[in-house]
Amino acid sequence: MRKLILAVAAVALLAGCGGAAAKDEQEPARAKPKVEQVEEKPKQPTAEQVTRQLAEAIPTVKLFRVYTAEDDPNDMLGRPGGYLSKTAFHDSRAKDEELEYLEKDAIERGGSVEMFATEQEAKQRYEYLSEVVKAAAGLVGEYDYLSGTTVVRVSRFLTPDQAKEYEAVMR
């Protein structure tokens, strides 16, 4: 009787193993869950990178300063609704005699690049600057260009044709 029980158990074990293998072979392979790929947005350039691109395209441009939150003249760097980065650049075509009493990083010496987190924030800044220029009628002035999240401010001491070079690079 003991041999019979052992024989039945052995057959059951073998059948169970064989059955499991046969069962696995008959079941279709389960599909692995699909991993959704998230497209990464291209990394936004910094104001310094944009200024260097301007300098490559316009030989008279030279990066002057990369601002920090501590030395930003507008106190907007890193603040809500403010820019993420800002630079000042010089353009050698702005005449020294017109710049004598201005700060070394004044827009009139060349210009500035401001980078925003969103196109809406950049547009708001661009519109604000346009209103200031209109309201000051002749006392202040600059050429302002908007491209995506970038605002480029260019010296009023450049000619319209010289300023258009910046606009062309920003396209």
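Which elements do the buried residues of α5 pack against? Keep that question in mind while you load the model, which is a predicted one.

**The whole chain**

Start with the cartoon view and colour by secondary structure. You should find 5 helices and 5 strands in the protein chain. Followed along the sequence, they come in the pattern α-α-β-β-α-β-α-β-β-α. The protein chain has 171 residues, and 31% of them count as buried. If you switch on contacts with a separation of 6 or more, 58% of them are between residues 24 or more positions apart.

**Stop one: helix α5**

Select residues 160-170, which make up helix α5. Show the side chains of Gln162, Ala163, Tyr166 and Met170, the buried residues of this helix. Now turn the view to look down the axis of α5: these buried residues fall within an arc of 105°, so they line one face of the helix. On the other side of α5, pick out Asp161 and Ala168, which are exposed.

Here is the reply to the opening question. The buried residues of α5 pack against α2 (47-57), β1 (61-66), β2, β4 (142-147) and β5 (150-155). Colour each of these elements separately, and keep α2 and β2 visible for the next stops.

**Stop two: helix α2**

Next, select α2 and show Ala47, Val50, Thr51 and Leu54, which are buried. They span an arc of only 100° around the axis, which puts them on the same side of α2. What covers the buried residues of α2 includes β1, β2, β3, β5 and α5.

Zoom in on leucine 54, a residue of helix α2. With a relative accessibility of 1%, leucine 54 counts as buried. Which residues does leucine 54 touch, not counting those up to four places away in sequence? Select Val61, Phe89, Val113, Val152, Tyr166, Val169 and Met170 to see them. Then draw a C-alpha to C-alpha distance from leucine 54 to tyrosine 166: the two are 7.1 Å apart in space and 112 residues apart in sequence.

**Stop three: aspartate 91**

Stay with tyrosine 166 and look for aspartate 91, which lies in strand β2. Is aspartate 91 buried or exposed? Its relative accessibility is 2%, so aspartate 91 counts as buried. Show its side chain and look for two polar partners. One polar contact, of 2.5 Å, joins the side chains of aspartate 91 and tyrosine 166. Another, at 2.9 Å, runs from the side chain of aspartate 91 to the side chain of threonine 60. Leaving aside residues up to four places away in sequence, aspartate 91 touches Thr60, Val61, Arg109, Gly110, Leu158 and Tyr166.

**Stop four: the loop between β1 and β2**

Move on to the loop between β1 and β2, and select aspartate 75 there. Aspartate 75 is not a glycine, yet it has a positive phi of about 50°. Its relative accessibility is 47%, and aspartate 75 therefore counts as partly exposed.

Methionine 76 is in the loop between β1 and β2 too. Methionine 76 has a relative accessible area of 18% and is buried; the cut-off for buried is under 20%. Around methionine 76, show Gly81, Gly82, Tyr83, Phe116 and Arg125, which it touches when residues up to four places away in sequence are not counted. For a distance to draw, try methionine 76 to lysine 86: their C-alpha atoms are separated by 9.4 Å, with the two positions 10 residues apart along the chain as the count of their separation.

**Stop five: the largest pocket**

Now add a surface and centre on the largest pocket, which holds about 160 Å³ of space. Its lining consists of Tyr67, Pro73, Asn74, Lys86, Thr87, Ala88, Glu103, Asp105, Ala106, Ile107, Ser112 and Arg153. By kind, the lining residues divide into 5 nonpolar, 3 polar and 4 charged. Which element gives the largest share of the lining? Strand β2 (residues 85-91) does, with 3 residues.

**Last stop: alanine 117**

Finish in the loop between β3 (110-115) and α4 (119-136), where alanine 117 lies. Alanine 117 is partly exposed, with a relative accessible area of 43%. Gln44, Leu84 and Thr149 are the residues alanine 117 touches, not counting those up to four places away in sequence. The C-alpha atoms of alanine 117 and threonine 149 are 6.5 Å apart, while the two residues are 32 residues apart along the chain.

Key:
Residues numbered from 1 in each chain as written. Predicted model: local features only at pLDDT ≥ 70, side-chain atom pairs only at ≥ 80, totals over all residues. Heavy atoms only, no water. 1 Å grid on protein atoms, 1.4 Å probe; cavity = no way out; pocket = protein on both sides within 12 Å on 5 of 7 lines; lining within 4 Å. Points joined across faces, edges and corners; volume = space filled by probe spheres on them. Helix = DSSP H or I, 4+ residues; strand = E, 2+ residues; numbered from the N terminus. Nonpolar A, V, L, I, M, F, W, Y, C, P; charged D, E, K, R; others polar. Buried < 20%, exposed > 50% of the residue type's maximum accessible area, 1.4 Å probe, protein only. Arc of directions from axis to C-beta. Contact = heavy atoms within 4.5 Å. Polar contact = N/O pair within 3.5 Å; in protein donor to acceptor, adjacent residues only side chain to side chain.
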